[in-house]
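Hi everyone, thanks for making time for this one. I'd like to walk you through a structure, piece by piece, and you can follow along on the screen.

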Amino acid sequence: MKSRTMSVKELVMLAMLSAIAYAAVSVCRIPLGFAEYLKYEPKDVIITIGGFLFGPLAVVAVSLVVSLAEMITISHTGPIGMIMNVVSSCVFGCTAAFVYKKKHTLKGAILGLSLGVVFSTIVMMFWNYLITPMYQGVPREAIAQMMIPVYLPFNLLKGTINAGIILLIYKPIVINLRKLGILSQKDSPAVPQRKIRPEAALLGLLLLVSCILFVLAHQKII
């Protein structure tokens, strides 16, 4: 009976994360100046936090739910766009969560997020080359010419922003969830009981500021 209660509690948490991630993608779509259809959405932050809490399978579950809801309601790219969203979220989030599950430290989190940025950039460049011509209606040769000047910096920037936000907010979120009684150490063994690490917040803030300055410089605002 006890294990069933924990399972239901975890399911409720995943449902809550799915709702928050969907809300994030619905209200926050920020153009980064590379292409009109390439916009930053913070949903992968929420999805990856779910992975840090409950493991890589949580990333898969939440990304599937959110991408399906997005396809039905606000997306105009249909099943192809849904597949792209699931692949992008899972490569970044599952990589970060898998490494963090193996090494439950700040270094493990940084390593996992760094690998997530690298792997998701490589994988999404391949998928952009393969899939984007199908729903953009442009020749594959045109997409190939955009690989280095557009898709490479966009995916690197997107992943870095996600990593910076996660480092900045993950530990405070966990601490407050525990204070509210929503989360416990037994419910989430992948989260060590430690105080907020200021170096994690500083690194996250540095990454975010660097990304913002890069976008402003790219758009010739500064």
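Let me begin with Ile222, which sits in the segment after α7, the helix that spans 198-218. Please keep in mind throughout that this is a predicted model. Is Ile222 buried or exposed? Its relative accessible area is 61%, so Ile222 counts as exposed. Ile222 also has company: together with Leu205, Val209, Leu213 and Ile221, it makes a nonpolar surface patch of about 470 Å².

Now, from the surface to a helix that is mostly covered, namely α2. This helix runs over residues 43-54, twelve residues in total. From its first C-alpha to its last, α2 reaches 17 Å, which is close to the 16 Å expected at 1.5 Å a residue. How many of its residues are buried? Twelve of the twelve. The buried residues include Ile46, Ile47, Ile49, Phe52 and Leu53, and also Lys43 and Asp44. Just after the helix comes Gly55, which has a positive phi, near 105 degrees.

Two of those α2 names come back when we turn to the core. The largest nonpolar core has 51 residues, and those that touch the most other members are Phe52, Leu53, Leu113, Ile166 and Tyr170. Which elements give two or more residues to this core? They are α1 (2-27), α2, α3 (56-73), α4 (78-102), α5 (106-136), α6 (140-179) and α7. The largest share comes from α6, with 13 residues. There is also a second, separate core of five residues, with Met84, Val87, Val91 and Met124 among them.

Last topic: the cysteines. How many disulfides does a search of the whole structure find? Zero. Take Cys90: it is in no disulfide, and the nearest cysteine sulfur, which belongs to Cys94, is 4.7 Å away. A disulfide would need the two sulfur atoms within 2.5 Å, so this pair does not qualify. The view from Cys94 matches: Cys94 is in no disulfide either, and its nearest cysteine sulfur is that of Cys90, at 4.7 Å. Are these two cysteines buried or exposed? Cys90 has 14% relative accessibility, so it counts as buried. Cys94 has 18%, and therefore it counts as buried too.

That's my tour, and I'm happy to go back to any part of it on the screen. Thanks for listening!

Notes:
Residues numbered from 1 in each chain as written. Predicted model: local features only at pLDDT ≥ 70, side-chain atom pairs only at ≥ 80, totals over all residues. Heavy atoms only, no water. Buried < 20%, exposed > 50% of the residue type's maximum accessible area, 1.4 Å probe, protein only. Patch = residues over 30% accessible without salt bridge, like charges linked within 9 Å, V, L, I, M, F, W, Y side chains within 5 Å. Areas by Shrake-Rupley, 256 points an atom, 1.4 Å probe, with all protein chains shown as cover. Salt bridge = Lys/Arg side-chain N within 4 Å of Asp/Glu carboxyl O. Helix = DSSP H or I, 4+ residues; strand = E, 2+ residues; numbered from the N terminus. Expected span 1.5 Å × (residues − 1). Core = buried A, V, L, I, M, F, W, Y, C linked by side-chain atoms within 4.5 Å.
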